[in-house]
Amino acid sequence: MKLLGSVTSPFVRKVRIVLIEKHIDFELVGDAMTGDAPLIEKHNPLGKIPALVLDDGLTLFDSQVITEYLDAISPVGHLIPDNPRERAVVKRWEAMADGILDAGVAIVLEKRRPETEQSPAWMERQRGKMERGLAQMSKELGTRSWCTAEALNLSDLAAGSLLFWLDFRFPEWLWRQQYPNLNALANKLGQRKSFKETLPNP
Ligand SMILES: N[C@@H](CCC(=O)N[C@@H](CS)C(=O)NCC(=O)O)C(=O)O
């Protein structure tokens with residue numbers, strides 16, 4: 001299977017981390033967004049990365065569909081619980097982390113527009129989603145070792161993809177000091193092979 005993406009996208013990183021954690025072979029096509037007619041548009045009409053092209057040609061998107069599929073095709077390192085409520089709680093964490101990323105990506109893109117066309121009020125609204133989302137994550141993590149269970153699962157991997165992306169794109173945000181429990185979680189995740197092998201600046 002081929003993963004279409006870029007090395008800096010946090011959504012692509014989450015999928016790469018899941019692939020590595022589950023020992024699934026894949027080929028990363030890291031320039032799927034570049035050029036006038038980016039490759040991604042041939043595979044995902046929405047023009048967003050990641051997209052996973054399966055060996056039979058079916059393309060899967062978005063990242064939450066892909067992570068669920070990957071967990072289902074291999075029993076190795078089960079990442080999404082079978083119990084409906086536990087499953088929903090894990091998926092909710094993934095939605096929360098991805099939602100914070102959506103707001104963050106929107107701010108990054110807005111800042112790339114000419115300054116006169118930027119909307120400070122709109123960016124402030126996105127920032128509010130990020131601030132509230134991170135506060136909620138910290139509150140729900142509390143003193144636990146992992147986000148939702150006694151062992152690592154998809155909720156932790158999604159949270160980690162978000163947290164390291166904050167370091168990368170919002171270095172001025174001292175979230176590690178603000179939320180020591182999220183800092184401890186990130187430090188623990190950062191030791192894993194899957195995170196070490198997917199750094200945005202290898
Ligand atoms: N909900 C999507 C979000 C993906 C996304 O926003 N990817 C960004 C890159 S980080 C993108 O492709 N943006 C291009 C665009 O929106 O046109 C997912 O989880 O896969």
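**View 1. S63 meets an oxygen atom of the ligand.** Welcome to this predicted model. An N or O atom in the side chain of S63 lies 2.6 Å from an oxygen atom of the ligand. On its own, the ligand would expose 510 Å², and the protein buries 76% of that.

**View 2. Nitrogen atoms of the ligand are in view with D62 and I49.** Here the side chain of D62 offers an N or O atom 3.1 Å from a nitrogen atom of the ligand. For I49, it is the backbone that takes part: one of its polar atoms is 2.9 Å from a nitrogen atom of the ligand.

**View 3. A shell of residues surrounds the ligand.** Look for S9, P10, F11 and M33, then G47, K48, I49 and P50, and finally D62 and S63. By character, the shell is made up of 5 nonpolar, 3 polar and 2 charged residues. To place the ligand in the wider picture, find the largest pocket, where the ligand sits.

**View 4. Domain 1 and domain 2 touch each other.** The chain is divided into domain 1, covering 2–73, and domain 2, covering 84–192. Between their C-alpha centres the distance is 21 Å. Where the two come into contact, domain 1 contributes 12 residues and domain 2 contributes 18.

Methods
Residues numbered from 1 in each chain as written. Predicted model: local features only at pLDDT ≥ 70, side-chain atom pairs only at ≥ 80, totals over all residues. Heavy atoms only, no water. Near = heavy atom within 4 Å. Polar contact = N/O pair within 3.5 Å; in protein donor to acceptor, adjacent residues only side chain to side chain. Areas by Shrake-Rupley, 256 points an atom, 1.4 Å probe, with all protein chains shown as cover. 1 Å grid on protein atoms, 1.4 Å probe; cavity = no way out; pocket = protein on both sides within 12 Å on 5 of 7 lines; lining within 4 Å. Sits in = over half its atoms within 2 Å of the grid points. Nonpolar A, V, L, I, M, F, W, Y, C, P; charged D, E, K, R; others polar. Domains from an automatic or database assignment. Contact = heavy atoms within 4.5 Å.
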